[in-house]
Amino acid sequence: MTSPRPRDFVEADPGPGWHALPLPAVILDAEGRVAAMNDAAELWLNLSRTWSLGKHLEGDEMATRLRIAPPIGPLVGRVNASEEAFFHSHVVFDIGDRAGGHSSRRAAVHAGPPGHGGGVASLLIVPDEAEGLHQTRSARSVARSAIGMAEMLAHEIKNPLAGIRGAAQLMGMNASPEDREMAEMIVSESRRIVALLEQVERFGDTSPPALGSLNVHDVLEQVRRSAQVGFARDVKIVTDYDPSLPPALADADQLMQVCLNLVKNAAEALKGKAGGTIRLHSFYDHTLRRPPSDTDPAGRALPLQIEIEDNGPGFPPEIADQVFEPFVSGRENGTGLGLALVSKIVTDHGALIRVDSRPGRTVFRISLPKA
């Protein structure tokens, strides 16, 4: 039997199209009670809309059917207090079934004012939709592993390799043309390995970024000019900047390294493609924040957005969710270290990087704080 609803409870009327939304959506009133639930939410949460209306989403009565971790009450409270939208990238919903068991599902939660009558409107981005744009799941742990590899490789390989390269150069000076070609190959491959080791060693740099106020467009224009006269001379690069963006808080040199790496990857993906285009885009999104943490309960605001987009083939499906991990590459002879280093740098900034990739469109988005 459904318990009576509180006398002060008013069911929300979201209007036409509410139940046709393809994603689960829930509206809570100012007291945190369920005021509206669309069809997708009813199915995904395994809750009856009729039973849920008027109940606190995280109240005792709801706890037998639904438990949420971390609790979204603080998120709801911040929306009510500031009337600004907030985002939490990883929320686990422990959903009950009729047999008394529970199953866990996760989703990203976007929460904002519903536009009328107070309260909070929440949209759940379930994994199939959320995983396209994602932050590397453990960039710092990846970096720690790479630091260990860098120490071992640097001491055990790099120094002896210099001797091998020097010996090959000496041998080639007095060798026959055929042997000289082999010696030059040894020198060339030695240099390639050294370059790989130097890239791995960059993970060992634990010094914090030199954060300062900068104009992201200055960085992007420097990247564009460098790419256009070098590795991307055969690719069209278009810009779409928001000139009103305030200064960002970042390390200029490191942000330059990140953007150069992403543009270079895009140019390589477009090699040989007619009409290959790279788009550099900037815009402001006040709704985006890092997830709340013990050190930052409100979640750090990351409103400044940089997107680097190309119309190449996209990442192979088998590595699409691993592109920020070391030694994962979609290119033949790729080291698989470039994007891992990019992710480490962005994470060290306290910022976010995500990728959305499909055939014909790959977008990397970097989200930065204001200065």
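This report walks through a six-stranded sheet and a buried charged residue in a predicted model.

**The sheet**

Let us begin with the overall layout. Six strands form an open sheet in the order S2-S1-S6-S5-S4-S3, and their pairing is antiparallel. At the edges sit S2 and strand S3 (66-69), each of which pairs on one side only. From one strand to the next, the twist averages 30°. Helix H4 (residues 73-82) packs on this sheet and touches S1, strand S4 (86-96), S5 and S6. The direction of H4 makes about 140° with that of S4.

Strand S1 (residues 25-28) is a good place to look more closely. Ala25 and Ile27 point one way from S1, while Val26 and Leu28 point the other way, and all of them are buried. S1 has a partner in S6 and another in S2, and the table lists these pairings together with that of S5 and S6.

| Strand pair | Sense | Bridges | Example of facing residues |
|---|---|---|---|
| S1 (residues 25-28) and S6 (residues 120-125) | antiparallel | 4 bridges | leucine 28 and valine 120 |
| S1 and S2 (residues 34-37) | antiparallel | 3 bridges | valine 26 and methionine 37 |
| S5 (residues 102-112) and S6 | antiparallel | 5 bridges | alanine 108 and isoleucine 125 |

S1 and S2 also form a hairpin, with 5 residues between the strands. In this hairpin, glycine 32 takes a positive phi near 85°.

**A buried aspartate**

Now let us move further along the chain. Aspartate 251 lies in the loop between strand S9 (248-250) and helix H9 (252-269). Which residues does aspartate 251 touch, leaving aside those up to four places away in sequence? They are Pro209, Ala210, Leu211, Leu214 and His349. With Ala210 there is a polar link: a polar atom of the aspartate 251 side chain lies 2.8 Å from the backbone nitrogen of alanine 210.

Although aspartate 251 is buried, it has no salt bridge. The nearest side chain of opposite charge belongs to lysine 344, and it is 11 Å away. A salt bridge needs the two charged groups within 4 Å, so this pair does not qualify.

Lysine 344 itself has its place in helix H10 (residues 338-348). Is lysine 344 buried or exposed? Its relative accessible area is 9%, and because buried means under 20%, lysine 344 counts as buried. The C-alpha atom of lysine 344 is separated by 9.9 Å from that of valine 258, although the two residues are 86 places apart along the chain.

How values were computed. Residues are numbered from 1 along each chain as its sequence is written. This is a predicted model: local features need pLDDT of at least 70, side-chain atom pairs count only at pLDDT 80 or more; totals for chains, interfaces and linings use all residues. Side-chain values use heavy atoms; hydrogens and water are left out. Helices (H or I, at least four residues) and strands (E, at least two) are DSSP runs, numbered from the N terminus. Buried means under 20% relative accessible area, exposed over 50%, partly exposed in between (1.4 Å probe, protein chains only). Lys and Arg count as positive and Asp and Glu as negative; His and the chain ends are not counted. A polar contact is a pair of N or O atoms within 3.5 Å; within protein, one must be able to donate a hydrogen and the other to accept it, and residues adjacent in sequence count only if both atoms are side-chain atoms. Contact means heavy atoms within 4.5 Å. Two strands pair if DSSP finds at least two bridges between them. Axes are lines fitted to C-alpha atoms, for helices over the stretch in contact, and angles run from 0 to 180 degrees between N-to-C directions.
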